[in-house]
Every structure is written in structure tokens, then in C-alpha cells.
Amino acid sequence: MQPIIDATLICRPRLHRAAAVLAMLLSLAAGTVSGETLLTGFGGVAFGGATDRTRGSYGGALGFLGAGVLGFEVEFCATPEFFGNAREDVFSDNNVLTLMGSVLLAAPSGPVRIYAAGGAGLLKTRLADPDRLLSVDSNDFGINVGGGLLAYLGDHVGLRADVRYFRDLQDADPDGEFDIDLGEIDYWRVVGGITFKF
């Protein structure tokens, strides 16, 4: 049976816009590649906003930090059961996925670096009931802002803590013009992880 609601056809233009913005942010990394390359695996929680309670989140990030203040990273994160427990609620299959590029403004090079972060990219929401009578698969433009702390334990390994606010942006009046407004999905995310420096 075909789903009653299928948002993939509606949201494709938003996905293209998000990809274009992510490509633009990636180009900012060219000046920082000669610095530190950082690979981070992280886990933590999402809470507040559109989620009904604290939910587990996990993902990874690839970033570049120069000796100065400017840096860049691309991160992917998954938050399963964002809209409710699969065993108890109507939507048995639901999650939020993000793929975003962010600019980092960090304290100068040293064993401890505090940073601010802000960026944009894809914020994907998915909901479906067991019979797939109601199915929403939405690819939206999303933004994030926050900051964190990176503390090196040696030359190549460090610990990282990060807090960010996420929000989707949508075209409230799909009239063919590029006008965006705040969407329905927002939440906070706090994660910690291990960073490998190359």
C-alpha cells in the first residue's frame, strides 16, 4: 500500500539548497588544511524543543583547525526515536539525521582549545507507523550554533565536549521564490567524544 503522505517529492528542492550551502562551507576549509586534522567519534543526548524527552544521539565529525582561530568541520549525527518510543507510540519508526558543515572559531593552538561553532546543512526527519499508512520523510535545510572544548591528552588523542542548538528552516510559502522561515523541528544536543589528531 502506498503511503498517504510522502514528503520526499515536496522536499527535494530543500535538499538541493542544503547541498549547495554545504558545498560552499566546504570551500572555506581550503585555508585550514595545513593545520590539525581532527577525527572525532561522539555520543550524547538530544533534548528540548520538538523531542518529548531526552534521546540518545551519536555520530562523527571530520574537522580542520589551523594554528590560528579559524577552523571547519563536517559532522553526521543520528538521533533514533526522536519523536517517541518505537514500542509505545504511533510512529514505530522515527529519527532525525543531520549532515552539516560548520565554521569553528577556536582559541589559538595549545593543549586546550575552546571553540564556538556555527553552520548549516541537511536536517532529515523521518516518521512512519507500522502499516506505513502515514509516512513522512522530510529533507530540510538546517542550522546549528554552539561551542565546546577540546583537551589534548597527548600529541594525537584528545577529549571533546560539545553543545549545540539545531533548527530546521522551511519555505513557508512555496511560491517558487527562495524565502525561508523557522521550521517545526528544534532541539539541543550535548555530546562528548574522543578526538584523534593527525
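1. The nonpolar surface patch draws on β7 (157-170) and β8 (181-197), each of which supplies at least two of its residues; strands here are DSSP runs of E, at least two residues, and helices are runs of H or I, at least four residues, numbered from the N terminus. Its members are Leu39, Leu62, Leu153, Val157, Leu159, Ile194, Phe196 and Phe198, with about 760 Å² of accessible area together. Patch residues have over 30% relative accessible area and no salt bridge, with like charges joined within 9 Å and nonpolar side chains (Val, Leu, Ile, Met, Phe, Trp, Tyr) within 5 Å. Areas are Shrake-Rupley values with a 1.4 Å probe, and for residues only the protein chains shown count as cover.

2. A word on the model: it is predicted, local features need pLDDT of at least 70, side-chain atom pairs count only at pLDDT 80 or more, and totals for chains, interfaces and linings use all residues. Residues are numbered from 1 along each chain as its sequence is written, and side-chain values use heavy atoms, with hydrogens and water left out.

3. Back to the patch: leucine 153 sits in the loop between β6 (135-152) and β7. Leucine 153 counts as exposed because its relative accessibility is 62% (exposed is over 50%, buried under 20%, partly exposed in between; 1.4 Å probe, protein chains only). Glycine 193, in strand β8, counts as buried at 14%. Beyond its neighbours within four places in sequence, glycine 193 touches Gly41, Phe42, Gly158, Leu159 and Arg160, where contact means heavy atoms within 4.5 Å.

4. On the overall fold, the chain has one helix and eight strands, running α-β-β-β-β-β-β-β-β from the N terminus. Of its 198 residues, 42% are buried. Among contacts between residues at least 6 apart in sequence, 62% join residues at least 24 apart.

5. Have a look at the aromatics: there are four pairs (Phe, Tyr and Trp rings, the six-membered one for Trp, with centres within 6.5 Å; planes under 30 degrees apart are stacked, over 60 edge-to-face, the rest tilted). Phenylalanine 82 and phenylalanine 83 pair edge-to-face, at 4.9 Å between centres and 75° between planes. Phenylalanine 82 also pairs edge-to-face with tyrosine 187, at 5.1 Å and 65°. That second pair links distant parts of the chain, 105 residues apart: phenylalanine 82 is in the loop between β3 (70-80) and β4 (93-106), tyrosine 187 in strand β8. Phenylalanine 82 is buried at 0% relative accessibility, and tyrosine 187 is buried at 2%, whereas phenylalanine 83 is partly exposed at 22%. Phe82, Phe83, Phe166 and Tyr187 make up one aromatic cluster.

6. The search finds ten salt bridges, each a side-chain nitrogen of Lys or Arg within 4 Å of a carboxyl oxygen of Asp or Glu. One of them joins arginine 113 and glutamate 36 at 3.5 Å, N to O. Arginine 113 is in strand β5 (residues 112-128) and glutamate 36 in strand β1 (residues 36-47), so this pair ties together parts 77 residues apart in sequence. Both arginine 113 and glutamate 36 are buried.

7. Two further bridges deserve a mention. Lysine 124 meets aspartate 137, with closest N and O atoms 2.6 Å apart; lysine 124 is buried at 18% and aspartate 137 at 19%. Aspartate 162 and arginine 164 meet at 2.9 Å, N to O, with aspartate 162 buried at 6% and arginine 164 at 0%. Both aspartate 162 and arginine 164 belong to a salt-bridge network that includes Glu73, Glu75, Arg160 and Arg189.
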